[in-house]
Number of protein chains: 2
Amino acid sequence: MVQNNSKLPSTACAIIIGNEILSGQTQDANVIFIAKHMAKLGILFKECRFIQDDEAQIITAITECSPKYSYVFTTGGIGPTHDDITSMAVAKAFNLPFTRNNEAFKRIFSVVPQRSEEDSRQLMANMPEGAILIDNPISHAPGFQINNVFVLAGVPDIMQAMLLTLTPRLSGGQQRHSKAILCLAFESRIANDLREIQKEHPNVEIGSYPTWHISKEKGVKLVFKSFDLNEIETVERKVMAMAEKLGYQAEEIEI
Amino acid sequence: MVQNNSKLPSTACAIIIGNEILSGQTQDANVIFIAKHMAKLGILFKECRFIQDDEAQIITAITECSPKYSYVFTTGGIGPTHDDITSMAVAKAFNLPFTRNNEAFKRIFSVVPQRSEEDSRQLMANMPEGAILIDNPISHAPGFQINNVFVLAGVPDIMQAMLLTLTPRLSGGQQRHSKAILCLAFESRIANDLREIQKEHPNVEIGSYPTWHISKEKGVKLVFKSFDLNEIETVERKVMAMAEKLGYQAEEIEI
């Protein structure tokens with residue numbers, strides 16, 4: 001991975017393309033993988049969109065997101081069937097010719113040779129002109145990069161493998177540290193004190209997540225994130241002192 | 001639920017607000033519930049965005065999505081802590097004053113009375129002027145509707161309860177029928193025949209989803225959706241005949 005030497009961290013956006021999630025048929029599994037991977041790379045994952053297999057929606061999402069973020073990852077819609085329209089839509093979004101990529105063609109038929117002139121797999125070799133291939137170690141049909149947009153498969157195993165193979169092209173940064181405390185109080189009982197601690201430590205992002213619906217205990221999970229581990233630990237001590245003062249149990253937990 | 005008598009179905013978009021999902025800390029559980037609920041109501045769920053607890057991002061998402069869809073649902077960021085900024089951002093998006101809603105204030109303190117002038121729960125009564133409340137049968141602090149935007153809690157139990165209580169305000173339509181076939185073939189082997197069947201039946205949406213990574217069988221799940229059950233069954237027969245012709249096992253499965 002390239003080290004990003006500017007002060008501002010790189011940012012990322014994902015566009016998850018496919019009717020199957022928005023129709024309620026499938027639970028998405030790609031977002032959390034991308035999220036964890038970006039966190040590890042020190043890239044700020046700022047937005048994710050789910051859209052349908054719809055050309056206009058794909059073009060809009062690419063056109064809106066590509067200028068806004070360092071990297072845009074799309075998943076889904078690059079197979080050989082009639083509902084796989086992502087590659088052509090990406091070409092249209094960048095106003096580029098949509099043509100056969102000969103190297104992609106070669107790789108697609110490298111293991112199981114072309115069966116006939118009509119072999120539908122050849123459709124997966126059609127890409128925007130100038131596409132840089134993304135290796136697919138699982139099923140061979142490559143993804144591709146055009147400008148800052150990385151076009152990946154939707155099948156989780158393949159998406160993950162592609163994301164790992166393209167990682168050296170990304171410019172990452174410092175990874176944020178994070179810690180968490182579970183405090184057995186209603187969120188509203190600690191909100192004012194917590195607000196003061198947040199004001200004193202603007203460089204630590206404090207997230208507050210009620211957990212009582214899960215644990216049936218009236219609790220709140222407090223998550224602290226920062227580049228500065230010492231400052232996180234200062235915040236943790238202040239939060240533990242606050243809990244003691246207000247009479248609530250609190251303990252450090254796994255994030 | 002109001003019956004939508006226009007030819008075009010109502011459309012929906014969800015905006016999932018919160019750093020916890022984009023940081024990879026939490027697996028989202030709200031999207032699939034909203035998706036299934038919309039499908040049941042005959043409302044086309046066209047887009048979903050995950051964004052951070054960031055005022056500019058919330059305003060952009062509301063401003064872009066509210067004119068595009070019949071309904072926009074936001075989840076998250078309406079609690080009493082410093083990171084709950086959704087309500088104020090929605091007020092800014094609509095250029096409305098952000099003031100105390102007296103009925104919300106009353107409901108918030110209806111079960112556990114206000115403890116002091118500083119009780120942080122009062123913050124949850126601040127809303128855009130003209131907000132129509134959304135009942136919260138679980139923890140009392142209401143959500144609200146402003147124009148076509150429905151502002152809901154992020155905690156799944158509460159979000160779900162709010163979505164159910166507001167359902168009578170939505171104008172739904174006919175529910176689409178759906179069926180599915182699992183065909184034990186590589187997707188590319190059936191893609192051309194499938195494309196022909198799709199051309200013959202443009203009113204049936206045919207989705208094709210490779211499953212081999214899950215089952216380790218080289219399979220593809222074919223999903224058929226339409227308002228016309230007869231036409232789905234015609235498509236199913238054609239797909240079964242195609243599989244037989246090409247020499248692949250196929251069977252109807254649960255969608």
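1. In this predicted model, Ala180(A) stands opposite Val223(A), a residue of strand 13 of chain A. The pairing around these residues is antiparallel: seven bridges connect strand 11 (residues 177-183) of chain A with strand 13 (residues 220-226) of chain A.

2. These strands belong to an open sheet of four strands in chain A, ordered 12-13-11-14 and paired antiparallel. Strand 12 (205-210) and strand 14 (250-253) of chain A form the edges, each pairing on one side only. From one strand to the next, the twist averages 25 degrees.

3. Two helices of chain A should be viewed together with this sheet. Helix 7 (residues 187-200) of chain A lies across strand 11, strand 12 and strand 13 of chain A, and runs at about 175 degrees to strand 12 of chain A. Helix 9 (residues 229-246) of chain A also packs on the sheet, where it touches strand 11, strand 12, strand 13 and strand 14 of chain A. The direction of helix 9 makes about 5 degrees with that of strand 11 of chain A.

4. For residues 13-173 of chain A, UniProt (unreviewed entry) gives the feature "domain: MoaB/Mog". This span is 33% helix and 23% strand, and its end C-alpha atoms lie 16 Å apart.

5. Chain A superposes on chain B (RMSD 0.0 Å) after a rotation of 180 degrees with 0.0 Å of shift along the axis. The two copies are therefore related as by a two-fold rotation axis. Both copies use the same surface, since 100% of the contact residues of chain A recur in chain B. Among the residues of chain A, Arg49(A) comes closest to the rotation axis, with its C-alpha at 2.2 Å.

Terms used
Residues numbered from 1 in each chain as written. Chains lettered and ligands numbered in written order. Predicted model: local features only at pLDDT ≥ 70, side-chain atom pairs only at ≥ 80, totals over all residues. Heavy atoms only, no water. Least-squares fit on C-alpha atoms with pLDDT ≥ 70 in both. Contact = heavy atoms within 4.5 Å. UniProt positions renumbered as here; feature names shortened; annotations may be inferred. Pairing = 2+ DSSP bridges. Axes fitted to C-alpha atoms, helices over the stretch in contact; angles between N-to-C directions.
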